[in-house]
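Let's take a walk through this fold, strand by strand and ring by ring. Here is the structure to look at as we go.

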Amino acid sequence: MGTELPLLNSAPTDYTIFYAFRPNTTFPPSGFTDAILFMIQGGDAECALYRTSATQLRLKLAGSPSVSQYLDINGGDLYKMVISYKQSTGFHSLRWYNATTDTLEEYEIDASFVSFDQTHFWINSDAAGNRADGQDLYAFKLFTEHLDKLQSVYDLFLNDSATVAPPPVLSTAELTWTE
């Protein structure tokens, strides 16, 4: 995708990812032990979210140094995640919001990228690209700006329940036939 998506494989830049999802309640699917929920990856730079168990995710930010942040999850809960990278400082800002429990956690992670050559993008995958899904994906938006410049987008994303449809509720009714 290098020529199709030159956002993160040309000049070094700030970026922000807005991501909303609901992890499946059954994990792992038959035959698998983990899942890549999403990954943007190149030679010396990577931003990836792995599902490592039924109750835990691992955010991997590869660069210099490579850093992992572990996040607790509940299958079926709705999560909204914002990851923002500031090129001038090498810090990633992470906002982790569980919309089901209305809980927000904030992290500042030092993981400076060595180069900007992210040419690969995976979602619901494994390294071979044949991963069964592990999530209901509601939003994945990538901006080439830091979160500092996207506050109105951030506020709308975190506070707008209309961006995520609730799971369908099925009901049954007994039908009778009369003549």
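Start with one cross-strand couple: Glu 46 stands opposite Ala 62 in β4. Keep in mind as you click around that this is a predicted model. The strand that faces β4 here is β3, residues 46-53, and the two pair in the antiparallel sense over seven bridges. They make a hairpin, with two residues between β3 and β4.

Now follow β4 to its other partner. Strand β5 (residues 67-72) runs antiparallel to β4, and six bridges join them. If you want a spot to look at, try Leu 59, whose bridge partner in β5 is Gln 69. On its other side, β3 has β2 for company: β2 and β3 also pair in the antiparallel sense, over six bridges. There, Ala 35 stands opposite Arg 51 in β3.

How covered are β3 and β4? Mostly, in both cases: β3 has six of its eight residues buried, and β4, which spans residues 56-62, has five of its seven buried.

**The pairings so far, plus one more**

| Strand pair | Sense | Bridges |
|---|---|---|
| β2 and β3 | antiparallel | six bridges |
| β3 and β4 | antiparallel | seven bridges |
| β4 and β5 | antiparallel | six bridges |
| β7 and β8 | antiparallel | eight bridges |

**The open sheet and its helix**

That last row takes us to another part of the chain. An open sheet of five strands runs in the order β8-β7-β6-β1-β10, with antiparallel pairing. Which strands stand at the edges? They are β8 (103-110) and β10, and each has a single partner strand, so one side of each is left without a neighbour in the sheet. On average, and ignoring direction, neighbouring strands of this sheet are turned by 10 degrees against each other. Where β7 and β8 run antiparallel, joined by eight bridges, you can find Leu 94 standing opposite Tyr 107 in β8.

The helix belongs to this picture as well. Helix α1, residues 151-159, packs on the sheet and touches β1 (15-23), β6, β7, β8 and β10. The direction of α1 makes about 160 degrees with that of β6.

**Rings and a lysine**

Turn on the aromatic side chains next: the structure holds 10 aromatic pairs. One of them is Phe 38 with Phe 140, an edge-to-face pair at 5.1 Å centre to centre, with 70 degrees between the planes. Phe 38 sits in strand β2 (residues 35-41) and Phe 140 in strand β10 (residues 135-143), so this pair ties together parts that are 102 residues apart in sequence. How covered are the two rings' residues? Phe 38 is buried, with a relative accessible area of 0%, whereas Phe 140 is partly exposed, at 23%.

Then there is Tyr 79 with Trp 96. Their ring centres are 4.8 Å apart and their planes are at 15 degrees, so the pair counts as stacked. Tyr 79 is in strand β6 (residues 79-86) and Trp 96 in strand β7 (residues 91-98), so the parts tied together here are 17 residues apart in sequence. Both Tyr 79 and Trp 96 are buried.

Which residues join these two pairs into something bigger? Ring pairs link Tyr 19, Phe 21, Phe 38, Tyr 79, Trp 96 and Phe 140 into a cluster.

There's a charge over a ring to find, too: Lys 80 lies over the face of Phe 157, at 5.5 Å from the ring centre.

**Stepping back**

Zoom out for the whole chain. The protein chain has one helix and 10 strands, and along the sequence the pattern reads β-β-β-β-β-β-β-β-β-β-α. Of its 179 residues, 40% are buried. The chain exposes about 9,600 Å², with carbon and sulfur atoms supplying 51% of that. As for contacts, take those between residues at least 6 apart in sequence: 61% of them join residues at least 24 apart. The Phe 38 and Phe 140 pair, with its parts 102 residues apart in sequence, is a handy place to go back to with that in mind.

Definitions and conventions
Residues are numbered from 1 along each chain as its sequence is written. This is a predicted model: local features need pLDDT of at least 70, side-chain atom pairs count only at pLDDT 80 or more; totals for chains, interfaces and linings use all residues. Side-chain values use heavy atoms; hydrogens and water are left out. Rings of Phe, Tyr and Trp (its six-membered ring) pair if their centres lie within 6.5 Å; planes under 30 degrees apart count as stacked, over 60 as edge-to-face and the rest as tilted. Helices (H or I, at least four residues) and strands (E, at least two) are DSSP runs, numbered from the N terminus. Buried means under 20% relative accessible area, exposed over 50%, partly exposed in between (1.4 Å probe, protein chains only). A charge sits over a ring if NZ of Lys or CZ of Arg is within 6 Å of the ring centre and within 35 degrees of the ring normal. Two strands pair if DSSP finds at least two bridges between them. Contact means heavy atoms within 4.5 Å. Accessible areas come from the Shrake-Rupley method with a 1.4 Å probe; for residues, only the protein chains shown count as cover. Axes are lines fitted to C-alpha atoms, for helices over the stretch in contact, and angles run from 0 to 180 degrees between N-to-C directions.
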